[in-house]
Every structure is written in structure tokens, then in C-alpha cells.
Amino acid sequence: MLTEVYRRLFDAFGPQHWWPGQSPFEVMVGAVLAQNTNWKNVEKAIGNLRRADLLEPRALYNVPAEELEELIQPAGYFRVKARRLRSLLEFLVEWYDGSLDAMFQTEPAELRRQLLDVHGIGPETADSILLYAGDLPSFVVDAYTGRVFMRHGWIDFEADYHRLQDYIQSELPREAPLYNEYHALLVRLGKDYCRKTKPKCLECPLRELLPPGGPLEPESI
DNA sequence: TGCCAGGCCGGGT
DNA sequence: ACCCGGCATGGC
């Protein structure tokens, strides 16, 4: 089923080119800034950091908190995110001497646990870093993923992050490029057709895979 | 013009 | 073990 879903999404949307041509560090910073935030706003914040020549671990590590807040303000939650970036930078500098290459030498499951111990890094952000910055096959589950799978009845509404991730990873070959493209396609699908309100299920590329009675909602389970 | 966006944490039951 | 409010900006 998941392979079929992928085929349909790829046929409908083509490759999404997520996080192309950018440094792993920039991707990592973007993963924090993107928490519950419109990507357009994240781009503004990243642009500010780039203009200030701060998209490099040591440079960003040395920026005072208040200045960091100003730079990332367009991404929203800027005080919270400044603290979270700070935690992540301290982790990177203190454990890996500020080197992403060194960080990614760590065995992936262990690195994932370490990232989850960083204040402000939850499962989605950790997996985004592993997958999009480290090319490691850790599937990124987001709000869209859950919504799409639940509305189709492929997983129950009570499933948490790791239930969903285990299910997806058990159905797919464990390959980073596939996870990368698959997640990006699910986000694209979500934005265009599977929003929280006013979904456009009947025009969706997956409409033929809907349950007979149409998309499921929590009360219908 | 409200609602929403590529979450996560902390405090209250 | 839940449940919920807080965090903040800009786009549609």
C-alpha cells in the first residue's frame, strides 16, 4: 500500500527537491525554526542568518541571545526557538567540537537518543536532522502524515509518533532518499489537499484509495 | 479576517 | 497517564 501511495504521489507531484544545495548545518537550524511554522517565515529567518554570515556552528554559537532572537524573529516563537537553537548548538559544540561530520559518526539510533535529550528537540525535529542533514533513514512523521494516514484508515487515530513511524518504516525499504522524497511528497499533499479544515479529498491524487464512505474523522471510529 | 503552519515543553489534573 | 495552554509571525 505505501509503495502504491508513493507512486501516486510522485506521479502527481514529481520530485520536491527539499532542502536542496544547502549545508547540513543550515538544514539543522531550519529544522528547529520550522517547528509548527510556515516555511515561508522560516526562509526569512534563514535569510537573515545567511546575510549575517552566521550559518556556521561556531559563528552562531557565539551570537548573543538577544541578537539571535532578532535575527530569527520572522520565524515566530522567536524567544523559544532562540533558546532551542542555543541548546542544540551547545550540544554540538560540547559533544562534537561543533562538527556535524563528527556528530554523524555516532551510530544513528544513539545519535537520535542524544538529540531527543536536547531541550527543544522532539521526535520530528530529531528525525528531520537525521534524514535531511545526515542522509540517515529515519522517517519524519508530521501532522500531515498522521492526518493522511488516519483519514484513509491506514492507522488508528490514537497512534502516536513512534507507532506511525514504526508502521511506515516496516513497510518501506530503509533508504534515506526514499524517506526524504516520501515525506516531502506527503507535506505537499497535505498542503494542497489534506489540511486540518476544508480538505479537498475528492480532488486528491489518493482519492481512489479512500475508504468507501469517504475520509474518516475521529468521531467516525 | 480568522485560521493555520513541516512542534515541543511544562504545569495541572 | 493524559490534557491543555503558551509560544509569535506572516500568508492565504
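Visitor: Before we look at α2 and α6, what puts two residues in contact?

Guide: This is a predicted model, and contact is judged from C-beta atoms placed from the backbone. Two residues are in contact if those atoms lie within 7 Å.

Visitor: Okay, so which residues of α6 do V29, V32 and L33 in α2 meet?

Guide: Take the α2 side to begin with: V29, V32 and L33 are among the buried residues of that helix, which covers residues 24–33. By class, the contact of α2 with α6 has 5 nonpolar, no polar and 2 charged residues. On the α6 side, the partners are K81, R84, L85 and L88.

Visitor: At roughly what angle do the axes of α2 and α6 cross?

Guide: Two packed helices are described by the angle between their axes and the distance between the axes. Here the α2 and α6 axes come within 9 Å, and the crossing is right-handed. The angle is roughly 140°.

Visitor: Which helices do the buried residues of α2 pack against?

Guide: Those buried residues are M28, V29, G30, A31, V32 and L33. We've already met one partner, α6 (78–96). The full list is α3, α5, α6 and α9.

Visitor: Zooming out, which helix gives the most to the side of domain 1 that touches domain 2?

Guide: Chain A is assigned a domain 1 (2–15 + 141–220) and a domain 2 (24–133), with C-alpha centres 27 Å apart. Across the boundary, 6 residues of domain 1 are in contact with 4 of domain 2. The domain 1 side divides into 4 nonpolar, 1 polar and 1 charged. With 3 residues, the top contributor there is helix α12.

Terms used: Residues are numbered from 1 along each chain as its sequence is written. Chains are lettered from A and ligands numbered from 1 in the order in which they are written. This is a predicted model: local features need pLDDT of at least 70, side-chain atom pairs count only at pLDDT 80 or more; totals for chains, interfaces and linings use all residues. Domain bounds come from an automatic or database domain assignment. Helices (H or I, at least four residues) and strands (E, at least two) are DSSP runs, numbered from the N terminus. Ala, Val, Leu, Ile, Met, Phe, Trp, Tyr, Cys and Pro count as nonpolar, Asp, Glu, Lys and Arg as charged, and the others, Gly among them, as polar. A residue is buried if 20 or more other C-beta atoms lie within 10 Å of its own, exposed if 12 or fewer, and partly exposed in between; C-beta atoms are placed from the backbone. Axes are lines fitted to C-alpha atoms, for helices over the stretch in contact, and angles run from 0 to 180 degrees between N-to-C directions. A crossing is left-handed if the near helix is turned anticlockwise from the far one by less than a right angle, and right-handed if clockwise.
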